[in-house]
Amino acid sequence: MNYEQSITELALADERYVIMTAENRALIRNIPNNPLLVNRFIDTGITEQTMIGMAAGLALRGRVPIVHALAAFLTMRAFEFIRTDVGIANLPVKLTGFIPGFLSDGNGPTHQAIEDVSIMRGIPGMHVFAPADEEDMLLMLPEIWHSKAPSYTRANLIKPLYQHDKNFTIGKSEVVAEGTTVTFLTYGMLFNQVFEARQLLEQQGLSVGLVNMRCLKPVDEEVILKVASESDLIVTVEDHFKIGGLFSIVAEVLLNHQQLANVQSLSLNERWFKPGRLADVLGNEGFTPEKIAVQTMNMLETRQHVNTLTTSTH
(Lines give C-alpha, C1' and ligand atoms only; values in the text may rest on other atoms or scores of the structure.)
Protein backbone atom coordinates (compact mmCIF):
# COMPACT_ATOMS: atom_id res chain seq x y z
CA MET A 1 0.00 0.00 0.00
CA ASN A 2 1.27 3.48 -0.87
CA TYR A 3 -0.24 6.99 -0.66
CA GLU A 4 -1.92 6.79 -4.06
CA GLN A 5 -3.44 3.38 -3.33
CA SER A 6 -4.65 4.57 0.05
CA ILE A 7 -6.38 7.67 -1.30
CA THR A 8 -7.87 5.67 -4.19
CA GLU A 9 -9.34 3.14 -1.79
CA LEU A 10 -10.80 5.92 0.34
CA ALA A 11 -12.34 7.81 -2.60
CA LEU A 12 -13.84 4.68 -4.17
CA ALA A 13 -15.51 3.82 -0.87
CA ASP A 14 -16.94 7.29 -0.25
CA GLU A 15 -18.07 9.63 -3.05
CA ARG A 16 -17.78 12.69 -0.78
CA TYR A 17 -14.00 12.73 -1.26
CA VAL A 18 -12.56 14.96 -3.99
CA ILE A 19 -8.87 14.83 -4.90
CA MET A 20 -7.30 18.16 -5.83
CA THR A 21 -3.87 19.42 -6.80
CA ALA A 22 -2.13 22.62 -7.84
CA GLU A 23 -0.12 20.90 -10.57
CA ASN A 24 1.70 18.67 -8.09
CA ARG A 25 0.85 15.08 -9.00
CA ALA A 26 3.83 13.28 -7.47
CA LEU A 27 1.67 11.49 -4.88
CA ILE A 28 -1.35 10.92 -7.12
CA ARG A 29 0.09 10.46 -10.60
CA ASN A 30 -2.33 7.75 -11.78
CA ILE A 31 -5.56 9.13 -10.27
CA PRO A 32 -6.55 11.08 -13.42
CA ASN A 33 -6.40 7.81 -15.40
CA ASN A 34 -8.84 6.05 -13.13
CA PRO A 35 -12.25 6.16 -14.88
CA LEU A 36 -14.03 5.84 -11.53
CA LEU A 37 -12.32 8.92 -10.11
CA VAL A 38 -11.75 11.18 -13.11
CA ASN A 39 -14.86 13.23 -12.24
CA ARG A 40 -13.58 13.77 -8.70
CA PHE A 41 -10.05 14.82 -9.65
CA ILE A 42 -9.32 18.53 -10.11
CA ASP A 43 -5.98 20.05 -11.13
CA THR A 44 -6.21 23.83 -10.89
CA GLY A 45 -2.71 24.40 -12.25
CA ILE A 46 -0.14 26.48 -10.38
CA THR A 47 -2.87 28.33 -8.48
CA GLU A 48 -2.76 27.30 -4.82
CA GLN A 49 -5.07 30.13 -3.74
CA THR A 50 -7.69 29.17 -6.31
CA MET A 51 -7.44 25.53 -5.27
CA ILE A 52 -8.10 26.35 -1.60
CA GLY A 53 -11.04 28.60 -2.51
CA MET A 54 -12.53 25.83 -4.63
CA ALA A 55 -11.89 23.26 -1.89
CA ALA A 56 -13.70 25.43 0.65
CA GLY A 57 -16.67 25.78 -1.70
CA LEU A 58 -16.82 22.03 -2.24
CA ALA A 59 -16.60 21.42 1.52
CA LEU A 60 -19.52 23.79 2.09
CA ARG A 61 -21.53 21.54 -0.24
CA GLY A 62 -20.73 18.38 1.70
CA ARG A 63 -17.56 17.25 -0.04
CA VAL A 64 -14.25 16.39 1.68
CA PRO A 65 -11.42 17.76 -0.48
CA ILE A 66 -7.90 16.37 -0.12
CA VAL A 67 -5.58 18.94 -1.68
CA HIS A 68 -1.96 18.62 -2.77
CA ALA A 69 0.78 21.16 -3.44
CA LEU A 70 4.39 21.89 -2.62
CA ALA A 71 4.45 22.53 1.13
CA ALA A 72 6.06 25.97 0.85
CA PHE A 73 3.47 27.30 -1.59
CA LEU A 74 0.51 25.57 0.03
CA THR A 75 1.17 27.01 3.48
CA MET A 76 2.48 30.44 2.50
CA ARG A 77 1.10 31.48 -0.88
CA ALA A 78 -2.38 30.26 0.05
CA PHE A 79 -2.23 31.08 3.76
CA GLU A 80 -4.92 33.78 3.77
CA PHE A 81 -7.30 31.49 1.87
CA ILE A 82 -6.63 28.61 4.29
CA ARG A 83 -7.13 30.87 7.29
CA THR A 84 -10.21 32.67 5.99
CA ASP A 85 -12.02 30.18 3.77
CA VAL A 86 -11.14 26.96 5.61
CA GLY A 87 -10.15 27.96 9.13
CA ILE A 88 -12.86 30.44 10.06
CA ALA A 89 -15.56 28.16 8.64
CA ASN A 90 -13.85 25.10 10.23
CA LEU A 91 -14.24 23.06 7.05
CA PRO A 92 -12.88 19.50 6.64
CA VAL A 93 -10.35 20.37 3.96
CA LYS A 94 -7.30 18.08 4.11
CA LEU A 95 -4.03 19.76 3.14
CA THR A 96 -1.11 17.59 2.01
CA GLY A 97 2.22 19.41 1.74
CA PHE A 98 4.81 17.80 -0.53
CA ILE A 99 8.60 18.04 0.15
CA PRO A 100 8.40 19.87 3.50
CA GLY A 101 11.47 20.72 5.57
CA PHE A 102 14.74 19.09 4.53
CA LEU A 103 12.89 16.92 2.02
CA SER A 104 13.07 19.87 -0.38
CA ASP A 105 16.88 19.34 -0.15
CA GLY A 106 18.12 20.85 -3.45
CA ASN A 107 15.70 23.79 -3.39
CA GLY A 108 16.61 27.27 -2.16
CA PRO A 109 14.82 29.38 0.46
CA THR A 110 11.81 30.20 -1.75
CA HIS A 111 10.91 26.50 -1.87
CA GLN A 112 11.78 25.57 1.72
CA ALA A 113 8.83 24.90 4.03
CA ILE A 114 10.56 25.32 7.38
CA GLU A 115 7.98 27.59 9.00
CA ASP A 116 4.93 25.56 7.93
CA VAL A 117 4.24 24.00 11.34
CA SER A 118 4.22 27.43 12.95
CA ILE A 119 1.94 28.91 10.29
CA MET A 120 -0.59 26.08 10.23
CA ARG A 121 -0.86 25.51 13.99
CA GLY A 122 -1.66 29.19 14.41
CA ILE A 123 -5.04 28.68 12.73
CA PRO A 124 -7.77 27.86 15.27
CA GLY A 125 -9.14 24.35 14.79
CA MET A 126 -6.42 23.28 12.34
CA HIS A 127 -4.77 19.91 13.03
CA VAL A 128 -1.09 19.50 12.12
CA PHE A 129 0.60 16.15 11.42
CA ALA A 130 4.19 15.19 10.61
CA PRO A 131 4.62 11.42 10.14
CA ALA A 132 8.08 9.94 10.66
CA ASP A 133 8.16 8.02 7.37
CA GLU A 134 5.95 6.48 4.70
CA GLU A 135 4.72 3.65 6.95
CA ASP A 136 3.86 6.09 9.73
CA MET A 137 2.00 8.32 7.26
CA LEU A 138 -0.08 5.47 5.88
CA LEU A 139 -1.03 4.42 9.43
CA MET A 140 -2.12 7.96 10.24
CA LEU A 141 -3.98 8.98 7.09
CA PRO A 142 -7.29 7.09 7.56
CA GLU A 143 -8.01 8.84 10.86
CA ILE A 144 -6.81 12.18 9.52
CA TRP A 145 -9.01 11.95 6.44
CA HIS A 146 -12.07 10.79 8.39
CA SER A 147 -11.78 13.58 10.96
CA LYS A 148 -14.19 16.49 10.64
CA ALA A 149 -11.41 18.98 11.36
CA PRO A 150 -9.31 20.81 8.76
CA SER A 151 -5.77 19.46 8.72
CA TYR A 152 -2.27 19.92 7.35
CA THR A 153 -0.01 16.90 6.84
CA ARG A 154 3.68 16.97 6.00
CA ALA A 155 3.89 14.25 3.32
CA ASN A 156 6.78 11.86 3.91
CA LEU A 157 7.92 9.03 1.64
CA ILE A 158 11.09 8.14 3.59
CA LYS A 159 11.46 4.39 4.13
CA PRO A 160 11.04 3.32 7.77
CA LEU A 161 13.74 2.13 10.17
CA TYR A 162 11.21 1.35 12.88
CA GLN A 163 7.94 -0.59 12.98
CA HIS A 164 5.41 1.94 14.22
CA ASP A 165 2.49 1.49 16.56
CA LYS A 166 -0.54 0.83 14.37
CA ASN A 167 -2.98 2.28 16.92
CA PHE A 168 -2.73 5.91 15.88
CA THR A 169 -5.00 8.39 17.63
CA ILE A 170 -5.19 12.10 16.84
CA GLY A 171 -3.57 14.04 19.67
CA LYS A 172 -1.30 11.19 20.75
CA SER A 173 2.41 10.74 20.16
CA GLU A 174 4.34 7.49 19.83
CA VAL A 175 6.71 6.64 22.67
CA VAL A 176 9.48 4.58 21.08
CA ALA A 177 11.65 4.38 24.19
CA GLU A 178 11.80 5.88 27.67
CA GLY A 179 14.99 7.38 29.09
CA THR A 180 16.19 9.19 32.20
CA THR A 181 19.39 10.85 30.94
CA VAL A 182 18.00 12.45 27.80
CA THR A 183 14.81 12.16 25.77
CA PHE A 184 14.51 13.19 22.14
CA LEU A 185 11.24 14.68 20.89
CA THR A 186 11.16 14.76 17.11
CA TYR A 187 8.91 14.43 14.05
CA GLY A 188 9.00 13.91 10.32
CA MET A 189 11.95 12.66 8.31
CA LEU A 190 14.44 13.45 11.10
CA PHE A 191 12.95 10.60 13.14
CA ASN A 192 15.27 8.15 11.37
CA GLN A 193 18.33 10.29 12.12
CA VAL A 194 17.35 10.59 15.78
CA PHE A 195 16.55 6.88 15.99
CA GLU A 196 20.13 6.08 14.99
CA ALA A 197 21.56 8.84 17.20
CA ARG A 198 19.77 7.26 20.16
CA GLN A 199 21.48 3.95 19.43
CA LEU A 200 24.88 5.65 19.38
CA LEU A 201 24.23 7.30 22.75
CA GLU A 202 22.90 4.07 24.27
CA GLN A 203 26.23 2.48 23.33
CA GLN A 204 27.86 5.09 25.58
CA GLY A 205 25.84 3.78 28.51
CA LEU A 206 23.25 6.57 28.55
CA SER A 207 19.55 6.07 29.19
CA VAL A 208 17.98 7.65 26.09
CA GLY A 209 14.29 8.11 25.36
CA LEU A 210 12.67 8.83 22.00
CA VAL A 211 9.19 10.13 21.21
CA ASN A 212 7.73 10.43 17.72
CA MET A 213 5.70 13.66 17.94
CA ARG A 214 3.73 12.70 14.85
CA CYS A 215 0.77 14.88 15.88
CA LEU A 216 1.85 18.47 16.53
CA LYS A 217 -1.63 19.90 16.96
CA PRO A 218 -3.43 18.81 19.02
CA VAL A 219 -0.21 17.90 20.80
CA ASP A 220 0.25 15.15 23.38
CA GLU A 221 0.72 17.32 26.48
CA GLU A 222 0.67 14.31 28.79
CA VAL A 223 3.77 12.81 27.18
CA ILE A 224 5.64 16.13 27.21
CA LEU A 225 4.94 16.61 30.93
CA LYS A 226 5.90 13.01 31.71
CA VAL A 227 9.19 13.29 29.83
CA ALA A 228 9.93 16.61 31.54
CA SER A 229 9.55 15.01 34.97
CA GLU A 230 11.59 11.89 34.17
CA SER A 231 14.51 13.02 31.96
CA ASP A 232 17.47 15.20 32.92
CA LEU A 233 17.44 16.72 29.45
CA ILE A 234 14.89 17.07 26.64
CA VAL A 235 16.17 17.69 23.11
CA THR A 236 13.71 18.72 20.40
CA VAL A 237 14.96 17.89 16.89
CA GLU A 238 13.20 19.36 13.86
CA ASP A 239 13.74 20.57 10.28
CA HIS A 240 11.96 23.81 11.06
CA PHE A 241 12.78 27.24 12.39
CA LYS A 242 13.36 27.19 16.14
CA ILE A 243 10.58 29.75 16.58
CA GLY A 244 7.07 28.36 16.28
CA GLY A 245 7.88 24.67 15.90
CA LEU A 246 8.25 21.82 18.38
CA PHE A 247 10.63 23.71 20.67
CA SER A 248 8.01 26.45 21.03
CA ILE A 249 5.24 23.89 21.50
CA VAL A 250 7.12 22.18 24.34
CA ALA A 251 7.88 25.54 25.97
CA GLU A 252 4.22 26.54 25.78
CA VAL A 253 3.06 23.27 27.36
CA LEU A 254 5.57 23.50 30.21
CA LEU A 255 4.74 27.14 30.90
CA ASN A 256 1.00 26.51 30.82
CA HIS A 257 1.45 23.77 33.43
CA GLN A 258 4.07 25.70 35.43
CA GLN A 259 6.56 22.82 35.07
CA LEU A 260 10.31 23.30 34.87
CA ALA A 261 12.56 21.26 32.57
CA ASN A 262 15.90 21.49 30.80
CA VAL A 263 14.94 21.75 27.13
CA GLN A 264 17.39 22.25 24.27
CA SER A 265 16.73 22.57 20.54
CA LEU A 266 18.36 21.21 17.41
CA SER A 267 16.68 23.22 14.68
CA LEU A 268 17.24 26.01 12.18
CA ASN A 269 17.85 29.07 14.30
CA GLU A 270 17.18 32.20 12.26
CA ARG A 271 18.45 30.73 8.99
CA TRP A 272 17.40 28.83 5.89
CA PHE A 273 19.39 25.75 5.02
CA LYS A 274 21.96 25.50 2.27
CA PRO A 275 20.47 23.44 -0.60
CA GLY A 276 22.11 20.25 -1.80
CA ARG A 277 21.57 16.51 -1.86
CA LEU A 278 19.70 15.34 1.22
CA ALA A 279 22.72 13.60 2.75
CA ASP A 280 24.80 16.75 2.24
CA VAL A 281 22.07 18.95 3.74
CA LEU A 282 21.90 16.76 6.84
CA GLY A 283 25.67 16.80 7.21
CA ASN A 284 26.06 20.52 6.59
CA GLU A 285 23.28 21.47 9.02
CA GLY A 286 24.34 19.02 11.75
CA PHE A 287 21.49 16.52 11.55
CA THR A 288 23.26 13.24 10.82
CA PRO A 289 22.99 10.63 13.61
CA GLU A 290 26.63 11.16 14.52
CA LYS A 291 26.33 14.94 14.73
CA ILE A 292 23.07 14.76 16.69
CA ALA A 293 24.77 12.41 19.17
CA VAL A 294 27.82 14.67 19.54
CA GLN A 295 25.73 17.80 20.03
CA THR A 296 23.63 16.01 22.64
CA MET A 297 26.73 14.86 24.52
CA ASN A 298 27.95 18.46 24.53
CA MET A 299 24.63 19.58 25.99
CA LEU A 300 24.89 16.96 28.74
CA GLU A 301 28.49 17.91 29.54
CA THR A 302 27.56 21.60 29.69
CA ARG A 303 24.69 20.80 32.04
CA GLN A 304 26.96 18.70 34.26
CA HIS A 305 29.54 21.50 34.35
CA VAL A 306 26.90 24.07 35.32
CA ASN A 307 25.58 21.78 38.06
CA THR A 308 29.13 21.30 39.40
CA LEU A 309 29.71 25.04 39.49
CA THR A 310 26.38 25.63 41.22
CA THR A 311 27.12 22.99 43.84
CA SER A 312 30.63 24.30 44.53
CA THR A 313 29.33 27.88 44.83
CA HIS A 314 26.81 26.84 47.46
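**Exercise 1. Is Phe 129 buried or exposed, and what is its relative accessible area?** Then describe the ring that Phe 129 pairs with.

*Solution.* The model is a predicted one, and every value below is computed from it. Start with the accessibility: Phe 129 has a relative accessible area of 1%, and the cut-off for a buried residue is under 20%, so Phe 129 counts as buried. Next, turn to the partner, Phe 168, which at 6% relative accessibility is buried by that cut-off. The two rings, Phe 129 and Phe 168, form an aromatic pair with 6.2 Å from centre to centre and 75° between the planes, an arrangement that is edge-to-face. Finally, place the two residues along the chain: Phe 129 belongs to strand β5 (residues 127-129), while Phe 168 is in the loop between β6 (151-154) and β7, and the pair links these distant parts, 39 residues apart.

**Exercise 2. Find how many aromatic pairs the whole structure has, and work out the geometry of the pair Phe 102 and Phe 273.**

*Solution.* A search of the whole structure gives 8 aromatic pairs. In the pair of Phe 102 and Phe 273, the ring centres are 5.0 Å apart and the planes stand at 80°. Planes over 60 degrees apart count as edge-to-face, so the pair of Phe 102 and Phe 273 is edge-to-face. As for location, Phe 102 is in the loop between β4 (94-98) and α5 (116-121), whereas Phe 273 is in the loop between β12 (263-268) and α10, so that 171 residues separate the two in sequence. Phe 102 is buried, with 0% relative accessibility, and Phe 273 is buried as well, with 2%. The last step is to widen the view, since Phe 102 and Phe 273 form one aromatic cluster together with Phe 287.

**Exercise 3. Trace the salt bridge of Arg 214 and say which parts of the chain it ties together.**

*Solution.* The structure has 13 salt bridges, and one of them joins Arg 214 to Asp 136, with the closest N and O atoms 2.5 Å apart. Arg 214 is found in the loop between β9 (208-212) and β10 (215-217), and Asp 136 in helix α6 (residues 134-146), so the pair ties together parts that lie 78 residues apart in sequence. Both Arg 214 and Asp 136 are buried.

**Exercise 4. Lys 226 takes part in salt bridges with Glu 178 and with Glu 230; work out how the partners are placed.**

*Solution.* Take Glu 178 to begin with: its side chain meets that of Lys 226 in a salt bridge at 3.2 Å, N to O. Glu 178 lies in the loop between β7 (174-177) and β8 (182-186) and Lys 226 in helix α8 (residues 221-230), so this bridge ties together parts that are 48 residues apart in sequence. The other bridge, between Lys 226 and Glu 230, has an N to O distance of 3.1 Å. Lys 226 and Glu 230 are 4 residues apart in helix α8, and therefore about one helical turn separates them. An α-helix has 3.6 residues a turn, so residues three or four places apart point the same way. To complete the picture, compare the exposure of each residue: Glu 178 is exposed at 58% relative accessibility, Lys 226 is partly exposed at 36%, and Glu 230 is partly exposed at 37%.

**Exercise 5. Describe the cavities of 30 Å³ or more, and identify which residues line them.**

*Solution.* There are 2 such cavities in the structure. The largest has a volume of about 50 Å³, and its lining includes Pro 100, Leu 103, Arg 154 and Asp 239. Sorted by class, this lining has 6 nonpolar, 2 polar and 2 charged residues. Arg 154 and Asp 239 also appear in a network of salt bridges that links them with Asp 116.

The second largest cavity has about 30 Å³ of space, and among the residues that line it are Leu 70, Phe 73, Phe 98 and His 111. Its lining divides into 6 nonpolar residues, 1 polar and no charged. Helix α3 (residues 71-77) gives the most to this lining, with 3 residues. As a last step, look at Phe 73 once more: the charged end of Arg 77 sits over its ring, 4.3 Å from the centre.

Note on methods: Residues numbered from 1 in each chain as written. Predicted model: local features only at pLDDT ≥ 70, side-chain atom pairs only at ≥ 80, totals over all residues. Heavy atoms only, no water. 1 Å grid on protein atoms, 1.4 Å probe; cavity = no way out; pocket = protein on both sides within 12 Å on 5 of 7 lines; lining within 4 Å. Points joined across faces, edges and corners; volume = space filled by probe spheres on them. Nonpolar A, V, L, I, M, F, W, Y, C, P; charged D, E, K, R; others polar. Salt bridge = Lys/Arg side-chain N within 4 Å of Asp/Glu carboxyl O. Buried < 20%, exposed > 50% of the residue type's maximum accessible area, 1.4 Å probe, protein only. Phe/Tyr/Trp six-rings, centres within 6.5 Å; stacked < 30°, edge-to-face > 60°. Lys NZ or Arg CZ within 6 Å of the ring centre and 35° of its normal.
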